[in-house]
Amino acid sequence: MTPAQPITVAVTRIVSPDRAREAAAWARSGQDLISTYPGYLGSGWIRPDPSSPDWHMLFRFADAASLDGWEQSPERAWWVSTGQGLVEHGDAERRTGIEGWFDEPSSVEVISAQPRTPPRWKQMISIFIVFYPLSVLANYAAAPLLGEWPIWARVLVTVVALTPVMTYLALPFVTRALRPWLLRGR
């Protein structure tokens, strides 16, 4: 039988920077609650910077049974419900053993949250911002080489050439640049 190992959970929460004070109070109340549970070893919140919407919470329990006690508790359910409209729940990752944060973990379980997707009309604009200029440029550059080819063949060549550029370079760059706008007001 394997001895019980400490288990650490990393949870990402998304908080609007203009609600940071409320979220900080909410986080403190959660830490006060969790600290009363048997097997609790510690917790803390990490923010990349004050303007970031990403908040990361780490908490640690002596073993999986203690963690389950907290996660199934009515107090935790109440606390999580008080964050509705204030924080958006992101991914959660569980690691056993302290080495999990420095070396290869003995086990990792990633629990994905629903992906945050922008409205389709914003996606459409993002794609257009990249696709139209690249398409014009590709057609202009290819015209001397493909000018006499049938339209279906010219389109095929430009689509085959542009798809990797769009997928691996242009769209990731534009979506990173537009991310605050894409996710605002979803």
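This passage describes the fold, the aromatic pairs and selected surface features of a predicted model of a protein chain.

The protein chain comprises five helices and five strands, and these elements follow one another along the sequence in the pattern β-α-β-β-α-α-β-β-α-α. Of its 186 residues, 30% count as buried, while the accessible surface of the chain amounts to about 12,100 Å², with 63% of that area belonging to carbon and sulfur atoms. Among the contacts in the chain with a separation of 6 or more, 67% are accounted for by residues that lie 24 or more positions apart.

Aromatic side chains were examined next. The count of aromatic pairs in the model comes to eight. One of them is formed by Y40 and F61, whose rings adopt an edge-to-face arrangement, with 6.0 Å from centre to centre and 75 degrees between the planes. This pair links distant parts of the chain, as Y40 belongs to strand β2 (residues 40-46) and F61 to strand β3 (residues 54-61), with their positions 21 residues apart in the numbering. With a relative accessibility of 22%, Y40 counts as partly exposed, because the buried class is confined to values under 20%. F61, by contrast, has a relative accessibility of 0% and therefore counts as buried. The ring of F61 also pairs with that of F59: the two centres are 6.3 Å apart and the planes stand at 90 degrees, so this pair, too, is edge-to-face. F59 itself counts as buried, its relative accessibility being 6%. F61 thus takes part in a ring pair with Y40 and in another with F59.

Tryptophan residues feature in two further arrangements. W26, W45, W55 and W79 are linked by ring pairs into a cluster. Elsewhere, W181 is engaged by a charged side chain, in that the charged end of K122 sits over the ring of W181 at 5.0 Å from its centre.

On the surface, a nonpolar patch is formed by I151, W152, V155, L156, V159 and V160, which together contribute about 620 Å² of accessible area. Of these residues, L156 lies in helix α5, a helix that spans residues 151-183. The relative accessibility of L156 is 48%, and the residue therefore counts as partly exposed, since the exposed class requires a value over 50%. The same value is nevertheless compatible with membership of the patch, because patches are made of residues with over 30% relative accessible area.

Note on methods: Residues numbered from 1 in each chain as written. Predicted model: local features only at pLDDT ≥ 70, side-chain atom pairs only at ≥ 80, totals over all residues. Heavy atoms only, no water. Helix = DSSP H or I, 4+ residues; strand = E, 2+ residues; numbered from the N terminus. Buried < 20%, exposed > 50% of the residue type's maximum accessible area, 1.4 Å probe, protein only. Contact = heavy atoms within 4.5 Å. Areas by Shrake-Rupley, 256 points an atom, 1.4 Å probe, with all protein chains shown as cover. Phe/Tyr/Trp six-rings, centres within 6.5 Å; stacked < 30°, edge-to-face > 60°. Lys NZ or Arg CZ within 6 Å of the ring centre and 35° of its normal. Patch = residues over 30% accessible without salt bridge, like charges linked within 9 Å, V, L, I, M, F, W, Y side chains within 5 Å. Salt bridge = Lys/Arg side-chain N within 4 Å of Asp/Glu carboxyl O.
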